[in-house]
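Reader: I am new to this model and would like to understand how it is built. Please guide me through it, with a close look at a single part.

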Amino acid sequence: MTTVHTAKDDHGKKTQNLGSSFKRWGRRSPFFRYGLPMISLTVFGALGLGHLLQGSKDIAKVKDDQEWEIIETRKALSRAGPVDAYKPKKISLEDELKVLQQKVNINDYEYKKIPKPNEARRD
């Protein structure tokens with residue numbers, strides 16, 4: 001049986017030797033010795049990384065806002081209206097299909113044998 005070492009502190013109270021009690025505690029339940037530190041490291045690491053990533057997202061958002069303001073002021077300063085204004089091109093799927101059908105003829109094809117990897121090439 002192990003004995004607990006006690007000592008008198010400044011106020012006359014008995015205190016246990018904390019080092020030996022923690023060792024005993026870790027031997028009794030390995031979860032507190034190995035599991036709890038691992039779980040806490042994982043949780044606090046994820047929270048820390050989330051905090052860092054949020055900071056970088058905030059910085060990127062501020063930069064995007066500044067660039068947007070520069071673009072808007074540049075558009076407002078031009079005499080003939082917005083500089084390089086966005087002019088969308090009207091696209092219809094039917095027209096795109098016709099163009100693609102003109103490029104590729106699915107009825108005109110020839111069979112080509114694909115050589116197997118272990119066959120010798122005969123050129």
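Where in the protein is confidence lowest, and where is it highest? I should then be grateful for a detailed account of helix H2 (residues 30-77).

Author: Numbering runs from 1 along each chain as its sequence is written, and the model is a predicted one, in which local features need pLDDT of at least 70, side-chain atom pairs count only at pLDDT 80 or more, and totals for chains, interfaces and linings use all residues. Side-chain values rest on heavy atoms, with hydrogens and water left out.

Confidence is expressed as pLDDT, the predictor's confidence in each residue on a scale from 0 to 100. Strand E1 (residues 6-8) has the lowest confidence, with a mean of 53, while helix H3 (residues 93-103) has the highest, at 90. Across the protein the average is 78, and 71% of the residues score at least 70. Where pLDDT is low, the predicted coordinates should not be read in detail.

The protein contains three helices and two strands, arranged along the sequence as β-β-α-α-α. These elements are DSSP runs numbered from the N terminus, helices (H or I) having at least four residues and strands (E) at least two.

To turn to helix H2, the UniProt record, an unreviewed entry, places a "transmembrane region" at residues 31-53. Its positions are given in the numbering used here, its feature names are shortened, and its annotations may be inferred rather than shown by experiment. In the model, that span is 100% helix and 0% strand, and its end C-alpha atoms are 31 Å apart.

Helix H2 also supplies seven residues, the largest share, of a nonpolar patch on the surface. The members of the patch are Trp25, Phe31, Phe32, Leu36, Ile39, Val43, Phe44 and Leu47, with about 820 Å² of accessible area together. Such a patch joins nonpolar side chains (Val, Leu, Ile, Met, Phe, Trp, Tyr) within 5 Å, and like charges within 9 Å, among residues with over 30% relative accessible area and no salt bridge. Accessible areas come from the Shrake-Rupley method with a 1.4 Å probe, and for residues only the protein chains shown count as cover.

Leu36, which lies in helix H2, has a relative accessible area of 40% and is therefore partly exposed; the term covers values between buried (under 20%) and exposed (over 50%), with a 1.4 Å probe and protein chains only. Phe31, at 43%, is partly exposed, and Phe32, at 39%, is also partly exposed.

The structure holds one aromatic pair. Its rings, those of Phe31 and Phe32, have centres 5.6 Å apart and planes at 70 degrees, so the pair is edge-to-face. Rings of Phe, Tyr and Trp (its six-membered ring) pair if their centres lie within 6.5 Å; planes under 30 degrees apart are stacked, over 60 edge-to-face, and the rest tilted.

Further along helix H2, Lys61 and Asp65 are four residues apart, and therefore separated by about one helical turn. Their side chains meet in a salt bridge at 3.5 Å, N to O. A salt bridge requires a side-chain nitrogen of Lys or Arg within 4 Å of a carboxyl oxygen of Asp or Glu. Lys61 is exposed, at 52%, whereas Asp65 is partly exposed, at 36%.
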